[in-house]
Amino acid sequence: MSVVRLSCCMRTKIIQKRGKKWWVRPSLQSRKVANGSKLLNELREDDELNFELRGSFHNFLRMSSSDFEYILCKIEPIIKKNLILL
């Protein structure tokens with residue numbers, strides 16, 4: 001029993017010393033600077049150009065690019081900003 005506790009404690013100390021490393025998709029690293037449309041365009045480019053990052057659009061939105069465009073075309077008149085002249 002004490003051997004299990006000792007190994008568990010040593011394991012947590014090693015993890016604490018190393019720190020956790022997270023891999024972040026390059027297009028998501030600039031998310032604080034980019035707006036939504038730029039992010040979507042970068043995700044589409046990742047799908048088309050970079051073989052390793054293929055499927056990034058689908059992983060981010062959980063739908064294909066064509067499905068997203070279809071839904072956007074349907075709701076665009078509702079969410080579109082109206083210009084009001086005073």
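Helices here are DSSP runs of H or I with at least four residues, strands are E runs with at least two, and both are numbered from the N terminus.

**View 1. The whole chain is an α-α-α-α-α run, read from the N terminus.** This is a predicted model, where local features need pLDDT of at least 70, side-chain atom pairs count only at pLDDT 80 or more, and totals for chains, interfaces and linings use all residues. Residues are numbered from 1 along each chain as its sequence is written, and side-chain values use heavy atoms, with hydrogens and water left out. The tally is 5 helices and 0 strands. Of the 86 residues, 15% are buried (under 20% relative accessible area; exposed is over 50% and partly exposed lies in between, with a 1.4 Å probe and protein chains only). Take the contacts (heavy atoms within 4.5 Å) between residues at least 6 apart in sequence: 23% of them join residues at least 24 apart. The chain exposes about 8,200 Å², with carbon and sulfur atoms supplying 60% of that (Shrake-Rupley areas, 1.4 Å probe; for residues, only the protein chains shown count as cover).

**View 2. Helix α3 covers residues 36-49.** Its 14 residues should span 20 Å at 1.5 Å a residue, and the end C-alpha atoms are indeed 20 Å apart (the expected span is 1.5 Å times one less than the number of residues). Buried residues in α3 are L39, L40, E42, L43, R44 and D46.

**View 3. Five residues, L39, L40, L43, F57 and F68, make the largest nonpolar core.** A nonpolar core here is a set of buried Ala, Val, Leu, Ile, Met, Phe, Trp, Tyr and Cys residues joined through side-chain atoms within 4.5 Å. Helix α3 gives the largest share of this core, 3 residues. In soluble globular proteins, nonpolar side chains tend to be buried together.

**View 4. F57 sits in helix α4, residues 56-61.** With 1% relative accessibility, F57 counts as buried. Skip the neighbours within four places in sequence, and F57 is in contact with L40, L43, R44, D47, R62, M63, S64, S65 and F68. Take L43 from that list: 14 residues away along the chain, its C-alpha atom is 5.1 Å from that of F57.

**View 5. R62 belongs to the loop between α4 and α5.** Its phi is near 60°, a positive value in a residue other than glycine. R62 is exposed, at 62% relative accessible area.

**View 6. R44 and E69 pair up in a salt bridge, 2.5 Å from N to O.** The pair ties together parts 25 residues apart in sequence, because R44 lies in helix α3 and E69 in helix α5. The rule asks for a side-chain nitrogen of Lys or Arg within 4 Å of a carboxyl oxygen of Asp or Glu, and the count comes to 1 salt bridge. R44 counts as buried at 18% relative accessibility, whereas E69, at 32%, is partly exposed.

**View 7. Y70, I71, I75, I78 and I79 make a nonpolar surface patch of about 540 Å².** Patch residues have over 30% relative accessible area and no salt bridge; nonpolar side chains (Val, Leu, Ile, Met, Phe, Trp, Tyr) are joined within 5 Å, like charges within 9 Å. One of the patch residues, I75, lies in helix α5, residues 65-79. I75 counts as partly exposed at 35% relative accessibility.
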